[in-house]
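Here are my notes on this one, jotted down point by point. Have the structure open while you read.

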Amino acid sequence: MPKPQHLDVRSGDILLLVGTMKGAFLIKSDGGRATWTVAGPYFPGRAIYAMAFDNRRDRHRLWAAVNSPFWGSYLSSSDDFGRQWTESETYSVKFPEGTESSLKQIWQIVPGATDQPDTLFCGVEPAALFRSDDAGASWSLVRGLYDHPHRTKWMPGGGGLCLHTILPDRSNAQHIHVAISSGGHYRSDDGGATWQARNVGVRAEFLPPENRFPEFGQCVHKIACHPSQPTRMFLQNHWGLYRSDDRGDSWQDIANGVPSDFGFAMVSDPNRQDTVYIVPLESDEFRCTPEARLRVYRTTNAGASWEALTRGLPQEQAFETVLRDGLTTDAMTPTGIYFGTRSGKVFGSHDAGESWTSIMEALPPVVCVKATRV
Amino acid sequence: MITVLVSGFLTDFTGGARTIELDATPASVQDALTCLWTRHLALRDRVVTERGELRPHIGLFVNGDHIRHLHGLETAMKAGDELTILPAISGG
(Lines give C-alpha, C1' and ligand atoms only; values in the text may rest on other atoms or scores of the structure.)
Protein backbone atom coordinates (compact mmCIF):
# COMPACT_ATOMS: atom_id res chain seq x y z
CA MET A 1 0.00 0.00 0.00
CA PRO A 2 1.27 3.51 -0.73
CA LYS A 3 2.44 5.55 2.24
CA PRO A 4 0.43 8.79 2.34
CA GLN A 5 2.12 12.15 2.04
CA HIS A 6 1.06 14.65 4.68
CA LEU A 7 0.42 18.39 4.78
CA ASP A 8 1.51 21.11 7.15
CA VAL A 9 -1.66 23.14 7.45
CA ARG A 10 -1.73 26.66 8.84
CA SER A 11 -4.51 28.96 9.87
CA GLY A 12 -5.88 30.72 6.81
CA ASP A 13 -5.02 27.92 4.39
CA ILE A 14 -7.62 26.67 1.95
CA LEU A 15 -8.09 22.94 2.17
CA LEU A 16 -9.80 20.75 -0.42
CA LEU A 17 -11.08 17.41 0.81
CA VAL A 18 -11.20 15.09 -2.18
CA GLY A 19 -12.84 11.69 -1.99
CA THR A 20 -12.14 9.24 -4.78
CA MET A 21 -12.99 5.65 -5.60
CA LYS A 22 -9.52 4.65 -4.42
CA GLY A 23 -8.93 6.78 -1.37
CA ALA A 24 -8.97 10.32 0.00
CA PHE A 25 -6.67 13.22 -0.77
CA LEU A 26 -6.12 16.62 0.83
CA ILE A 27 -5.10 19.54 -1.36
CA LYS A 28 -3.89 22.76 0.21
CA SER A 29 -3.24 26.33 -0.82
CA ASP A 30 -2.61 29.53 1.01
CA GLY A 31 -5.23 32.27 0.87
CA GLY A 32 -4.07 33.28 -2.59
CA ARG A 33 -5.30 29.99 -4.03
CA ALA A 34 -2.73 30.07 -6.82
CA THR A 35 -0.59 27.02 -6.07
CA TRP A 36 -1.67 23.75 -4.54
CA THR A 37 -0.01 20.91 -2.65
CA VAL A 38 -1.51 17.44 -2.50
CA ALA A 39 -1.40 14.86 0.27
CA GLY A 40 -2.62 11.28 0.48
CA PRO A 41 -3.83 8.81 -0.45
CA TYR A 42 -5.60 8.14 2.79
CA PHE A 43 -7.54 4.87 3.01
CA PRO A 44 -5.95 3.57 -0.21
CA GLY A 45 -8.28 1.30 -2.11
CA ARG A 46 -11.41 2.47 -0.31
CA ALA A 47 -14.21 4.50 -1.91
CA ILE A 48 -14.57 7.80 -0.05
CA TYR A 49 -18.04 9.01 -0.97
CA ALA A 50 -18.24 11.79 1.60
CA MET A 51 -15.92 14.09 3.49
CA ALA A 52 -16.52 17.01 5.84
CA PHE A 53 -14.68 19.53 7.96
CA ASP A 54 -16.02 20.38 11.40
CA ASN A 55 -14.54 23.56 12.86
CA ARG A 56 -17.19 24.19 15.49
CA ARG A 57 -16.03 24.47 19.10
CA ASP A 58 -12.52 25.24 17.79
CA ARG A 59 -12.21 21.75 16.32
CA HIS A 60 -10.13 21.06 13.25
CA ARG A 61 -11.72 17.72 12.52
CA LEU A 62 -11.80 16.02 9.17
CA TRP A 63 -14.40 13.36 8.49
CA ALA A 64 -14.36 10.66 5.85
CA ALA A 65 -16.94 8.05 4.89
CA VAL A 66 -14.83 4.97 4.19
CA ASN A 67 -16.52 2.36 2.03
CA SER A 68 -15.34 -1.10 1.05
CA PRO A 69 -17.30 -3.81 -0.75
CA PHE A 70 -15.32 -6.30 1.33
CA TRP A 71 -15.16 -4.89 4.84
CA GLY A 72 -18.18 -2.59 5.03
CA SER A 73 -18.50 1.14 5.70
CA TYR A 74 -17.49 3.31 8.60
CA LEU A 75 -16.80 6.91 9.53
CA SER A 76 -13.28 7.98 10.33
CA SER A 77 -12.05 11.30 11.67
CA SER A 78 -8.73 13.07 11.97
CA ASP A 79 -7.82 15.94 14.28
CA ASP A 80 -4.36 16.50 12.79
CA PHE A 81 -5.14 17.02 9.10
CA GLY A 82 -4.77 13.41 8.09
CA ARG A 83 -1.67 12.19 9.91
CA GLN A 84 -3.83 9.92 12.03
CA TRP A 85 -7.33 8.67 11.33
CA THR A 86 -9.60 6.86 13.71
CA GLU A 87 -10.64 3.29 13.07
CA SER A 88 -12.75 2.03 15.93
CA GLU A 89 -13.04 -1.57 17.00
CA THR A 90 -16.71 -1.68 16.09
CA TYR A 91 -18.51 0.40 13.50
CA SER A 92 -20.59 3.26 14.88
CA VAL A 93 -23.13 3.68 12.05
CA LYS A 94 -25.38 0.64 12.12
CA PHE A 95 -29.03 -0.13 11.72
CA PRO A 96 -30.33 -1.11 15.15
CA GLU A 97 -31.93 -4.39 16.13
CA GLY A 98 -35.55 -4.48 15.16
CA THR A 99 -34.91 -3.13 11.67
CA GLU A 100 -34.47 -5.36 8.67
CA SER A 101 -31.76 -3.21 7.08
CA SER A 102 -28.01 -3.51 7.01
CA LEU A 103 -25.67 -0.71 6.05
CA LYS A 104 -24.40 -0.89 2.51
CA GLN A 105 -22.62 2.41 2.09
CA ILE A 106 -22.22 5.83 3.70
CA TRP A 107 -22.99 8.60 1.22
CA GLN A 108 -22.90 11.81 3.21
CA ILE A 109 -21.70 13.42 6.42
CA VAL A 110 -22.71 16.97 7.36
CA PRO A 111 -22.33 19.14 10.47
CA GLY A 112 -25.63 20.23 11.98
CA ALA A 113 -27.03 23.68 12.74
CA THR A 114 -24.85 26.41 14.21
CA ASP A 115 -26.54 26.27 17.61
CA GLN A 116 -26.00 22.50 17.80
CA PRO A 117 -22.20 22.36 17.67
CA ASP A 118 -22.00 18.68 18.58
CA THR A 119 -24.59 17.50 16.06
CA LEU A 120 -23.71 15.76 12.81
CA PHE A 121 -25.84 13.98 10.24
CA CYS A 122 -24.94 11.05 8.07
CA GLY A 123 -26.81 9.73 5.03
CA VAL A 124 -26.56 6.11 4.00
CA GLU A 125 -27.63 3.35 1.64
CA PRO A 126 -30.19 1.85 2.01
CA ALA A 127 -31.74 5.28 2.31
CA ALA A 128 -31.73 6.39 5.92
CA LEU A 129 -30.52 9.24 8.08
CA PHE A 130 -28.30 8.88 11.14
CA ARG A 131 -27.62 11.53 13.74
CA SER A 132 -24.91 12.13 16.31
CA ASP A 133 -25.26 14.60 19.17
CA ASP A 134 -21.86 13.91 20.70
CA ALA A 135 -19.63 15.17 17.88
CA GLY A 136 -19.59 11.83 16.09
CA ALA A 137 -18.74 9.52 18.98
CA SER A 138 -22.04 7.66 18.65
CA TRP A 139 -24.80 7.57 16.05
CA SER A 140 -28.47 6.72 16.07
CA LEU A 141 -30.97 6.06 13.32
CA VAL A 142 -33.48 8.86 12.76
CA ARG A 143 -36.58 6.75 13.21
CA GLY A 144 -38.99 9.42 12.04
CA LEU A 145 -37.68 9.03 8.51
CA TYR A 146 -36.93 5.31 8.67
CA ASP A 147 -40.49 4.58 9.82
CA HIS A 148 -42.05 6.82 7.18
CA PRO A 149 -44.71 4.87 5.27
CA HIS A 150 -43.17 5.92 1.96
CA ARG A 151 -39.85 4.22 2.69
CA THR A 152 -40.79 0.76 1.49
CA LYS A 153 -41.89 2.28 -1.84
CA TRP A 154 -38.65 4.11 -2.56
CA MET A 155 -36.75 2.60 -5.48
CA PRO A 156 -33.00 2.49 -6.05
CA GLY A 157 -31.48 4.76 -8.67
CA GLY A 158 -28.43 3.82 -10.70
CA GLY A 159 -26.16 4.33 -7.72
CA GLY A 160 -28.38 2.47 -5.28
CA LEU A 161 -31.13 3.53 -2.90
CA CYS A 162 -29.24 6.22 -1.08
CA LEU A 163 -29.83 9.26 1.08
CA HIS A 164 -27.13 11.42 -0.40
CA THR A 165 -27.91 15.02 0.53
CA ILE A 166 -28.59 16.55 3.94
CA LEU A 167 -29.34 20.24 4.25
CA PRO A 168 -29.80 21.42 7.81
CA ASP A 169 -31.18 24.94 8.10
CA ARG A 170 -28.23 26.69 9.75
CA SER A 171 -30.48 29.19 11.46
CA ASN A 172 -33.20 26.84 12.65
CA ALA A 173 -32.27 23.39 13.88
CA GLN A 174 -35.87 22.24 13.55
CA HIS A 175 -35.71 22.45 9.77
CA ILE A 176 -33.83 19.70 7.95
CA HIS A 177 -34.00 18.75 4.28
CA VAL A 178 -32.83 15.47 2.76
CA ALA A 179 -32.73 14.13 -0.79
CA ILE A 180 -33.06 10.47 -1.70
CA SER A 181 -32.51 8.66 -4.97
CA SER A 182 -35.15 7.64 -5.75
CA GLY A 183 -37.41 8.85 -3.04
CA GLY A 184 -37.37 12.58 -3.62
CA HIS A 185 -37.02 15.57 -1.32
CA TYR A 186 -38.24 15.32 2.28
CA ARG A 187 -38.40 18.02 4.93
CA SER A 188 -38.70 17.89 8.67
CA ASP A 189 -39.98 20.91 10.60
CA ASP A 190 -39.51 19.36 14.03
CA GLY A 191 -35.87 18.43 14.20
CA GLY A 192 -36.29 15.08 12.45
CA ALA A 193 -39.21 13.64 14.41
CA THR A 194 -41.55 13.70 11.41
CA TRP A 195 -40.97 14.14 7.68
CA GLN A 196 -43.03 15.22 4.70
CA ALA A 197 -42.40 14.62 1.01
CA ARG A 198 -42.02 18.02 -0.70
CA ASN A 199 -41.84 17.43 -4.44
CA VAL A 200 -44.75 19.34 -5.97
CA GLY A 201 -43.76 20.32 -9.49
CA VAL A 202 -40.75 17.99 -9.74
CA ARG A 203 -41.11 15.51 -12.56
CA ALA A 204 -40.19 11.85 -12.65
CA GLU A 205 -39.24 11.32 -16.28
CA PHE A 206 -38.94 7.59 -15.76
CA LEU A 207 -42.61 7.12 -14.80
CA PRO A 208 -45.61 6.88 -17.16
CA PRO A 209 -47.04 10.24 -18.31
CA GLU A 210 -50.11 10.00 -16.07
CA ASN A 211 -47.87 9.71 -12.99
CA ARG A 212 -45.02 11.99 -13.98
CA PHE A 213 -45.49 14.32 -11.00
CA PRO A 214 -45.90 11.96 -8.04
CA GLU A 215 -45.96 12.92 -4.38
CA PHE A 216 -42.61 11.16 -3.94
CA GLY A 217 -40.32 8.81 -5.83
CA GLN A 218 -38.43 11.44 -7.86
CA CYS A 219 -34.73 10.88 -8.40
CA VAL A 220 -33.48 14.10 -6.86
CA HIS A 221 -29.75 14.38 -7.45
CA LYS A 222 -28.91 17.42 -5.32
CA ILE A 223 -30.53 20.27 -3.42
CA ALA A 224 -28.88 23.54 -2.47
CA CYS A 225 -29.72 26.62 -0.47
CA HIS A 226 -28.01 29.84 0.58
CA PRO A 227 -27.53 29.72 4.36
CA SER A 228 -29.08 33.15 4.90
CA GLN A 229 -32.05 32.54 2.59
CA PRO A 230 -33.57 29.25 3.74
CA THR A 231 -36.92 29.74 2.03
CA ARG A 232 -35.33 29.76 -1.43
CA MET A 233 -34.02 26.40 -2.56
CA PHE A 234 -32.61 24.90 -5.74
CA LEU A 235 -32.87 21.34 -7.00
CA GLN A 236 -30.99 19.38 -9.65
CA ASN A 237 -33.16 16.48 -10.63
CA HIS A 238 -32.69 13.41 -12.79
CA TRP A 239 -33.98 15.57 -15.66
CA GLY A 240 -35.10 18.88 -14.33
CA LEU A 241 -33.73 22.02 -12.75
CA TYR A 242 -35.92 23.71 -10.17
CA ARG A 243 -36.30 26.53 -7.66
CA SER A 244 -38.55 26.75 -4.66
CA ASP A 245 -39.51 29.98 -2.91
CA ASP A 246 -41.36 28.28 -0.07
CA ARG A 247 -38.77 25.98 1.54
CA GLY A 248 -39.53 23.22 -0.91
CA ASP A 249 -43.31 23.14 -0.69
CA SER A 250 -43.48 23.69 -4.44
CA TRP A 251 -40.95 23.86 -7.28
CA GLN A 252 -40.74 25.81 -10.55
CA ASP A 253 -38.73 24.85 -13.61
CA ILE A 254 -35.69 27.11 -14.10
CA ALA A 255 -33.90 25.30 -16.94
CA ASN A 256 -33.58 28.56 -18.86
CA GLY A 257 -30.72 28.42 -21.32
CA VAL A 258 -28.82 25.36 -20.15
CA PRO A 259 -27.70 22.75 -22.71
CA SER A 260 -29.33 20.01 -20.64
CA ASP A 261 -31.36 19.90 -17.47
CA PHE A 262 -29.81 16.56 -16.56
CA GLY A 263 -26.92 16.59 -14.12
CA PHE A 264 -25.83 15.79 -10.63
CA ALA A 265 -23.82 18.56 -9.03
CA MET A 266 -25.27 21.83 -7.72
CA VAL A 267 -23.92 24.29 -5.18
CA SER A 268 -24.97 27.73 -4.00
CA ASP A 269 -22.55 30.62 -3.69
CA PRO A 270 -22.02 31.35 0.01
CA ASN A 271 -21.26 35.00 -0.76
CA ARG A 272 -24.17 35.79 -3.05
CA GLN A 273 -27.82 34.94 -2.67
CA ASP A 274 -29.55 33.65 -5.82
CA THR A 275 -26.23 32.51 -7.28
CA VAL A 276 -25.93 28.81 -8.01
CA TYR A 277 -23.49 26.68 -10.00
CA ILE A 278 -24.20 23.43 -11.86
CA VAL A 279 -22.42 21.17 -14.35
CA PRO A 280 -25.00 19.88 -16.86
CA LEU A 281 -24.59 16.46 -18.42
CA GLU A 282 -25.97 15.40 -21.76
CA SER A 283 -28.49 12.77 -20.64
CA ASP A 284 -29.08 9.83 -18.38
CA GLU A 285 -27.96 7.54 -21.20
CA PHE A 286 -24.80 9.56 -21.89
CA ARG A 287 -23.67 11.07 -18.63
CA CYS A 288 -20.96 13.28 -20.06
CA THR A 289 -20.63 17.00 -20.61
CA PRO A 290 -22.74 18.14 -23.62
CA GLU A 291 -20.91 18.70 -26.90
CA ALA A 292 -17.74 17.40 -25.24
CA ARG A 293 -17.24 20.80 -23.61
CA LEU A 294 -16.58 21.12 -19.90
CA ARG A 295 -18.77 24.00 -18.76
CA VAL A 296 -19.89 25.13 -15.36
CA TYR A 297 -23.16 27.05 -15.54
CA ARG A 298 -23.95 29.89 -13.19
CA THR A 299 -27.10 31.78 -12.44
CA THR A 300 -26.96 35.04 -10.52
CA ASN A 301 -30.71 35.66 -10.66
CA ALA A 302 -32.15 32.54 -9.07
CA GLY A 303 -32.46 30.67 -12.33
CA ALA A 304 -34.02 33.30 -14.59
CA SER A 305 -30.97 32.81 -16.80
CA TRP A 306 -27.74 30.79 -16.82
CA GLU A 307 -24.32 31.57 -18.27
CA ALA A 308 -21.56 29.18 -19.25
CA LEU A 309 -18.24 29.56 -17.45
CA THR A 310 -15.52 28.16 -19.66
CA ARG A 311 -12.30 30.19 -19.44
CA GLY A 312 -9.55 27.72 -18.62
CA LEU A 313 -11.73 24.63 -18.98
CA PRO A 314 -11.28 22.20 -21.91
CA GLN A 315 -13.74 22.92 -24.70
CA GLU A 316 -12.84 20.10 -27.06
CA GLN A 317 -12.98 16.34 -26.58
CA ALA A 318 -13.92 16.80 -22.93
CA PHE A 319 -16.17 13.87 -22.12
CA GLU A 320 -16.28 14.54 -18.41
CA THR A 321 -18.69 13.66 -15.61
CA VAL A 322 -19.08 15.55 -12.35
CA LEU A 323 -21.01 13.65 -9.74
CA ARG A 324 -23.39 15.00 -7.10
CA ASP A 325 -20.79 15.78 -4.45
CA GLY A 326 -18.06 16.71 -6.88
CA LEU A 327 -18.71 20.49 -6.90
CA THR A 328 -18.12 22.83 -3.99
CA THR A 329 -17.27 26.36 -2.92
CA ASP A 330 -15.11 27.98 -0.29
CA ALA A 331 -16.22 30.98 1.75
CA MET A 332 -13.50 33.31 0.49
CA THR A 333 -14.06 36.55 -1.41
CA PRO A 334 -14.29 36.26 -4.34
CA THR A 335 -15.78 32.81 -4.04
CA GLY A 336 -13.58 29.85 -4.81
CA ILE A 337 -15.24 27.05 -6.74
CA TYR A 338 -13.81 23.57 -7.15
CA PHE A 339 -14.88 20.38 -8.85
CA GLY A 340 -13.57 16.93 -9.56
CA THR A 341 -14.39 14.59 -12.42
CA ARG A 342 -14.77 10.88 -12.83
CA SER A 343 -11.62 10.95 -14.91
CA GLY A 344 -9.65 12.13 -11.88
CA LYS A 345 -9.22 15.80 -12.69
CA VAL A 346 -9.72 18.62 -10.18
CA PHE A 347 -10.33 22.18 -11.38
CA GLY A 348 -10.57 25.36 -9.37
CA SER A 349 -11.57 28.98 -9.76
CA HIS A 350 -10.65 31.76 -7.34
CA ASP A 351 -12.87 34.35 -8.99
CA ALA A 352 -16.38 32.92 -8.71
CA GLY A 353 -16.04 30.93 -11.92
CA GLU A 354 -14.74 33.66 -14.25
CA SER A 355 -11.56 31.65 -14.88
CA TRP A 356 -10.38 28.16 -14.06
CA THR A 357 -7.13 26.30 -13.58
CA SER A 358 -6.27 22.64 -13.36
CA ILE A 359 -5.33 21.63 -9.82
CA MET A 360 -4.88 17.88 -10.26
CA GLU A 361 -4.99 15.75 -13.39
CA ALA A 362 -4.58 12.11 -12.53
CA LEU A 363 -6.41 11.16 -9.38
CA PRO A 364 -8.66 8.12 -9.21
CA PRO A 365 -12.30 8.84 -10.12
CA VAL A 366 -13.45 11.77 -7.97
CA VAL A 367 -16.76 11.37 -6.15
CA CYS A 368 -16.54 14.12 -3.53
CA VAL A 369 -14.92 17.55 -3.19
CA LYS A 370 -15.33 19.81 -0.17
CA ALA A 371 -13.53 23.07 0.54
CA THR A 372 -12.85 24.93 3.71
CA ARG A 373 -10.73 27.75 5.06
CA VAL A 374 -8.78 26.55 8.07
CA MET B 1 -10.19 -26.95 19.30
CA ILE B 2 -10.45 -25.40 15.86
CA THR B 3 -8.13 -23.11 13.95
CA VAL B 4 -9.12 -19.85 12.27
CA LEU B 5 -6.89 -18.51 9.51
CA VAL B 6 -6.93 -14.83 8.54
CA SER B 7 -4.69 -12.79 6.29
CA GLY B 8 -3.95 -9.32 4.95
CA PHE B 9 -6.13 -6.50 6.24
CA LEU B 10 -7.74 -8.61 8.98
CA THR B 11 -4.43 -9.19 10.71
CA ASP B 12 -4.52 -5.48 11.62
CA PHE B 13 -7.17 -6.53 14.13
CA THR B 14 -5.56 -9.71 15.47
CA GLY B 15 -2.32 -8.17 16.63
CA GLY B 16 -0.73 -9.49 13.45
CA ALA B 17 -1.69 -13.10 14.09
CA ARG B 18 -2.62 -15.15 11.04
CA THR B 19 -3.57 -18.23 12.99
CA ILE B 20 -6.02 -18.15 15.88
CA GLU B 21 -6.61 -21.26 17.93
CA LEU B 22 -10.06 -21.43 19.50
CA ASP B 23 -10.13 -23.67 22.54
CA ALA B 24 -13.85 -24.22 22.19
CA THR B 25 -15.37 -26.82 19.91
CA PRO B 26 -18.17 -24.91 18.19
CA ALA B 27 -20.95 -26.90 16.58
CA SER B 28 -21.21 -24.68 13.51
CA VAL B 29 -19.48 -21.94 11.58
CA GLN B 30 -21.87 -19.47 13.21
CA ASP B 31 -20.79 -20.68 16.66
CA ALA B 32 -17.15 -20.50 15.64
CA LEU B 33 -17.56 -16.89 14.55
CA THR B 34 -19.33 -16.00 17.80
CA CYS B 35 -16.40 -17.51 19.65
CA LEU B 36 -13.96 -15.65 17.42
CA TRP B 37 -15.62 -12.31 18.17
CA THR B 38 -15.01 -12.83 21.89
CA ARG B 39 -11.31 -13.04 21.14
CA HIS B 40 -11.11 -10.37 18.45
CA LEU B 41 -14.23 -8.20 18.49
CA ALA B 42 -12.89 -5.91 15.76
CA LEU B 43 -13.14 -8.74 13.23
CA ARG B 44 -16.89 -8.96 13.66
CA ASP B 45 -18.08 -5.78 11.90
CA ARG B 46 -15.58 -6.30 9.11
CA VAL B 47 -16.71 -9.84 8.34
CA VAL B 48 -20.46 -9.76 8.99
CA THR B 49 -23.16 -7.10 8.78
CA GLU B 50 -25.14 -5.79 11.74
CA ARG B 51 -27.72 -8.46 10.84
CA GLY B 52 -25.07 -11.14 11.35
CA GLU B 53 -24.95 -11.98 7.65
CA LEU B 54 -21.66 -12.68 5.97
CA ARG B 55 -20.55 -9.65 3.93
CA PRO B 56 -21.14 -10.34 0.23
CA HIS B 57 -17.49 -10.32 -0.83
CA ILE B 58 -16.10 -12.36 2.05
CA GLY B 59 -15.48 -16.06 1.68
CA LEU B 60 -15.51 -18.58 4.55
CA PHE B 61 -13.94 -21.99 3.99
CA VAL B 62 -14.11 -25.04 6.22
CA ASN B 63 -11.13 -27.27 5.55
CA GLY B 64 -10.82 -25.60 2.17
CA ASP B 65 -14.46 -25.86 1.09
CA HIS B 66 -16.50 -22.68 0.65
CA ILE B 67 -19.45 -22.71 3.05
CA ARG B 68 -21.57 -21.56 0.10
CA HIS B 69 -21.28 -25.14 -1.15
CA LEU B 70 -21.88 -26.61 2.32
CA HIS B 71 -24.59 -25.28 4.64
CA GLY B 72 -23.63 -21.67 4.96
CA LEU B 73 -23.19 -20.39 8.48
CA GLU B 74 -24.94 -23.52 9.74
CA THR B 75 -22.18 -25.74 8.37
CA ALA B 76 -21.19 -28.19 11.08
CA MET B 77 -17.71 -28.05 12.59
CA LYS B 78 -15.75 -30.53 14.67
CA ALA B 79 -12.55 -30.55 16.63
CA GLY B 80 -9.50 -30.11 14.44
CA ASP B 81 -11.33 -28.25 11.67
CA GLU B 82 -9.82 -25.21 10.01
CA LEU B 83 -11.89 -22.09 9.22
CA THR B 84 -10.39 -19.68 6.70
CA ILE B 85 -11.63 -16.11 6.14
CA LEU B 86 -10.72 -14.57 2.78
CA PRO B 87 -11.85 -11.59 0.70
CA ALA B 88 -13.28 -12.62 -2.68
CA ILE B 89 -11.80 -11.70 -6.03
CA SER B 90 -13.96 -8.79 -7.13
CA GLY B 91 -13.92 -5.10 -7.86
CA GLY B 92 -11.94 -3.04 -10.33
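1. Start with a salt bridge inside chain A: Glu100(A) pairs with Arg151(A), and their closest N and O atoms are 3.2 Å apart. This pair ties together distant parts of the chain, 51 residues apart. Glu100(A) sits in the loop between β6 (72-78) and β7 (105-111) of chain A, while Arg151(A) belongs to the loop between α1 (143-146) and β11 (162-168) of chain A. Glu100(A) is exposed, at a relative accessible area of 56%, whereas Arg151(A) is buried at 16%. Do keep in mind that this is a predicted model.

2. Arg295(A) and Glu291(A) make another salt bridge, with the closest N and O atoms 3.7 Å apart. Which partner is buried and which is exposed? Arg295(A) counts as buried, with a relative accessibility of 6%, and Glu291(A) counts as exposed, with 54%.

3. Next, have a look at Arg56(A), which forms a salt bridge with Asp54(A); here the closest N and O atoms are 2.9 Å apart. Both Arg56(A) and Asp54(A) are buried. The two also belong to a network of salt bridges that links them with Arg57(A), Arg59(A) and Asp118(A). For the overall tally, the structure has 33 salt bridges over all chains.

4. On to the interface. Chain A brings 20 residues to the contact and chain B brings 19. Which three residues of chain A supply the most buried area against chain B? They are Phe70(A), Trp71(A) and Glu89(A), which account for 41% of the area that chain A buries there, more than any other three residues. Between them, chain A and chain B bury about 1,700 Å², with 54% of that on carbon and sulfur atoms.

5. As for charges across the interface, there are 2 salt bridges between chain A and chain B. One of them joins Glu87(A) to Arg46(B), the closest N and O atoms being 3.4 Å apart. Sorted by class, the side of chain A that touches chain B has 7 nonpolar, 6 polar and 7 charged residues. I'd also note the polar contacts: 10 residue pairs across this interface, both residues at pLDDT 80 or more.

6. How many disulfides are there over all chains? The count is 0. Cys162(A) is in no disulfide, and its nearest cysteine sulfur is that of Cys219(A), 7.8 Å away. Seen from the other end, Cys219(A) is in no disulfide either, and the nearest cysteine sulfur to it is that of Cys162(A). Why does this pair not count? A disulfide needs the sulfur atoms within 2.5 Å, and these two are 7.8 Å apart. Both cysteines are buried: Cys162(A) has a relative accessible area of 1%, and Cys219(A) has 7%.

7. Last, chain B. Helix α1 (residues 29-39) of chain B has Val29(B), Ala32(B), Leu33(B), Cys35(B), Leu36(B) and Trp37(B) as its buried residues. What covers them? The cover includes the strands β1 (2-5), β2 (19-22), β3 (58-62) and β5 (82-87), along with helix α2 (41-47), from chain B. Arg46(B), the partner of Glu87(A) in point 5, lies within the residue range of that α2.

Conventions. Residues numbered from 1 in each chain as written. Chains lettered and ligands numbered in written order. Predicted model: local features only at pLDDT ≥ 70, side-chain atom pairs only at ≥ 80, totals over all residues. Heavy atoms only, no water. Contact = heavy atoms within 4.5 Å. Buried area = accessible area lost by both parts, 1.4 Å probe. Salt bridge = Lys/Arg side-chain N within 4 Å of Asp/Glu carboxyl O. Polar contact = N/O pair within 3.5 Å; in protein donor to acceptor, adjacent residues only side chain to side chain. Nonpolar A, V, L, I, M, F, W, Y, C, P; charged D, E, K, R; others polar. Buried < 20%, exposed > 50% of the residue type's maximum accessible area, 1.4 Å probe, protein only. Helix = DSSP H or I, 4+ residues; strand = E, 2+ residues; numbered from the N terminus.
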